[in-house]
Amino acid sequence: MKQRNVLDFLFKDRPGEELGQRAEALVAQGLGFLSTLVTILVFQKPIVLVASLIVNLVAVFTLIQAIRGKFKYLILFPLVTTFAIALVAIVEGRGAHDLIWIGTLGLFLLANIHGRQSTWVPIMLGVLMLGLFIATGVAEINNILPNKYGTDVEHIFLGSLYLSAIMGAMTAIFHRHRRLLKVATSSHEEEMEAKQQLERINNALDEQVKTRTEELDKLNKELLVKTARLQAASDITQDLTKVLHEKTSDMLARATRLVSDKLGYYHVGIFLVDTARGFAVLKAANSKGGQQMLVKRHQLKVGGTGIVGYVSQSGRPRIALDTGADAVFFNNPYLPETRSEISLPIVLGNTVIGVLDVQSTQSAAFNEEDTNILMTIANQLAVLLQHNNEHSTEVKISAGTSRSVISLTESQFGYSFHSDGTIVSNVTLESNPVLDKAIASGETLAVNRTSKNTPSMLVVPVKFRDQVIGVIHIESEEANRTWSEDEILLVQSISDRAALALENARLFENATRRAEQEETISRVTTQIGSSTDFDRIMQTTIQELGLALGASRSFIQIGTQATPDEKASE
């Protein structure tokens, strides 16, 4: 592994270097250095030894620069060595006839390897080499230098021609090499750019997938929490409809426990506004502190300090996400762990009759969804409170003989929805064993399709106060249709809400009817009382009653016929 790291350090291209440049430079420079190092052993003249020493020092310097990636200094080695070759040929060789001049071709090759960026550097070095060779021959011909081997013009011409031809061939080869190298480098750069672009795209896609997965996980968790809270709200609604027979105080106490247990709140309290509409009085609470407040008959002024006081007057929900920062919040010593609070009005018609107060130990524990869920519970409490009040009144008047819910036997009517979108009214379901059993038992029945003539059926009784007041009947002609648990739960939840809505509508209808009766009585009384004439009073009485009741004939008589006993006594 260590050897591999050394090779990578020496020969692997660095960022910004051309393809293969480092390996070529180190190999060529290393071989050049070894060549000059060996040849120094055969020289004897001091000047030649000094020149060889200088060449080797330059070789070591350029080799170090090549390792460092400083390739612009590499041309120094062939340049200095060219002068050293000319010196060796003249001092210790055969002048223009010495074979050492062949070494200039190796230096020219080395210059082409080092001069990757430009062709002009090796060409200028080649011209210098030819110049030194020709100058040596001319000096020998003119006896400036010893001419032991008979140097003449023909020798200089042929030698120059050979050197030029070989250098030209090298130049052409390296010119093509450089062009191919540029193409290869360009292709390599494009390939690297494409690879990097692909990596960026893959990373971006991975990041998008990761982000989307996290979002889906978050949404899934939120959906599960929302579903659980909706189910809890449905359970609370269903449980409260079963305790209408209880006293109002017991029903409210049960409601606070259910909301706290199923929705996980620290404190749940229910306030009712007194008849003078001066104070909101705490009537039920689940927490220990709430129980202490009940003992002390805790009450808050309508419109006074605190969220409950604000809601009891305004009729609008109010949330304190940070009880320490909300100016409306009242610091309650009985509930020291409260960090956020929400209060919702309990409204009948346009009148606030109470407040549902919920507190949590977590900051910012309430959002819009929590508000909607708790508002649904507050509305149900309003219906239950109205029902309890009416039921109490009816019990006192009729000694417990009145009925407060619609029975299936009183009136049977309904609506049917078909797959083409049409709705048919005044529909009466045909009796069948499944329907009769569901009505009799009050339990939901799901029947899968067993034959072509028998559709899949889902029958859910509509119950209020444990009394069946209606039925939801659903059929499907699909083959292999199986009713899932979620579908059954959905219909049951809708059935519970429909029962409450129907009862609320019935109560409203009763209240409206009584109001109309009171208005009629008041109007007739006013008409009767506006006259002092005996005959006029009788005429007005019978006329107003006939109009009010829509009678075809009305009759009034003052006095009765005398009985036989009365006549005998006369």
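**Exercise 1. A charged pair within one helix**

Task: Glu215 has a relative accessibility of 38%; decide whether Glu215 counts as buried, partly exposed or exposed, and then find which residue forms a salt bridge with Glu215.

Solution: The structure to be read here is a predicted model, and each step below is worked out on that model.
- Step 1. A residue is buried under 20% relative accessible area and exposed over 50%, with partly exposed in between, so Glu215, at 38%, counts as partly exposed.
- Step 2. The partner of Glu215 in the salt bridge is Arg212, and the closest N and O atoms of the two are 3.4 Å apart, which lies within the 4 Å that a salt bridge requires.
- Step 3. Both Arg212 and Glu215 belong to helix H7, which covers residues 153-240, and they are three residues apart, or about one turn of the helix.
- Step 4. Arg212 has a relative accessibility of 46% and therefore also counts as partly exposed.

**Exercise 2. Another salt bridge**

Task: State how many salt bridges the structure holds, and describe the one in which Glu193 takes part.

Solution:
- Step 1. The structure holds two salt bridges.
- Step 2. Glu193 meets Arg200 through their side chains, with a distance of 3.2 Å from N to O.
- Step 3. Glu193 has a relative accessible area of 41%, so it is partly exposed, and Arg200, with 42%, is partly exposed as well.
- Step 4. As a general point, side chains of opposite charge can pair when their charged atoms come close.

**Exercise 3. The six-stranded sheet**

Task: Give the order of the strands in the open sheet of six strands, and work out which strands stand at its edges.

Solution:
- Step 1. The order is S3-S2-S1-S6-S5-S4, and the pairing is antiparallel.
- Step 2. S3 and S4 are the edge strands, since each of them pairs on one side only.
- Step 3. On average, and with direction ignored, neighbouring strands of this sheet are turned by 25 degrees against each other.
- Step 4. Within the sheet, S1 and S6 are joined in the antiparallel sense by six bridges, and His267 has Gln359 in S6 as its bridge partner.
- Step 5. Helix H9, made of residues 288-295, packs on the sheet and touches S1 and S2, its direction making about 130 degrees with that of S2.
- Step 6. Helix H10 also packs on this sheet, where it touches S1, S2, S3, S4, S5 and S6, and its direction makes about 25 degrees with that of S5.

**Exercise 4. The buried side of helix H10**

Task: Which residues of helix H10 (residues 307-314) are buried, and which strands are included in what covers them?

Solution:
- Step 1. The buried residues of H10 are Ile307, Val308, Gly309, Val311 and Ser312.
- Step 2. Their cover includes strands S1 (267-273), S2 (279-285) and S3 (299-301), together with S4 (318-320), S5 (340-348) and S6 (351-360).
- Step 3. Just after H10 comes Gly315, which takes a positive phi of about 75 degrees.

**Exercise 5. The three-stranded sheet**

Task: For the open sheet with the order S9-S10-S11, explain why one side of S9 and one side of S11 are left without a neighbour in the sheet.

Solution:
- Step 1. The three strands of this sheet pair in the antiparallel sense.
- Step 2. S9 (445-447) and S11 (467-476) stand at the edges, and because each has a single partner strand, one side of each has no neighbour in the sheet.
- Step 3. From one strand to the next, the twist averages 15 degrees.
- Step 4. S10, which spans residues 456-464, runs antiparallel to S11 and is joined to it by nine bridges; Val462 has Gly470 in S11 as its bridge partner.
- Step 5. Helix H12 (residues 433-441) packs on the sheet and touches S9, S10 and S11, with its direction at about 25 degrees to that of S10.

**Exercise 6. A nonpolar patch and the whole chain**

Task: Find which helix gives the most to the nonpolar surface patch, and state what share of the chain's 570 residues is buried.

Solution:
- Step 1. Phe61, Tyr73, Leu76, Leu79 and Phe83 make a nonpolar surface patch of about 400 Å².
- Step 2. Helix H4 (residues 76-91) gives the most to the patch, with three residues.
- Step 3. Leu79 is found in H4, and its relative accessibility of 33% means that it counts as partly exposed.
- Step 4. Turning to the whole protein chain, buried residues make up 36% of the 570 residues, and the secondary structure comes to 15 helices and 11 strands.

Methods: Residues numbered from 1 in each chain as written. Predicted model: local features only at pLDDT ≥ 70, side-chain atom pairs only at ≥ 80, totals over all residues. Heavy atoms only, no water. Pairing = 2+ DSSP bridges. Helix = DSSP H or I, 4+ residues; strand = E, 2+ residues; numbered from the N terminus. Axes fitted to C-alpha atoms, helices over the stretch in contact; angles between N-to-C directions. Contact = heavy atoms within 4.5 Å. Buried < 20%, exposed > 50% of the residue type's maximum accessible area, 1.4 Å probe, protein only. Patch = residues over 30% accessible without salt bridge, like charges linked within 9 Å, V, L, I, M, F, W, Y side chains within 5 Å. Areas by Shrake-Rupley, 256 points an atom, 1.4 Å probe, with all protein chains shown as cover.
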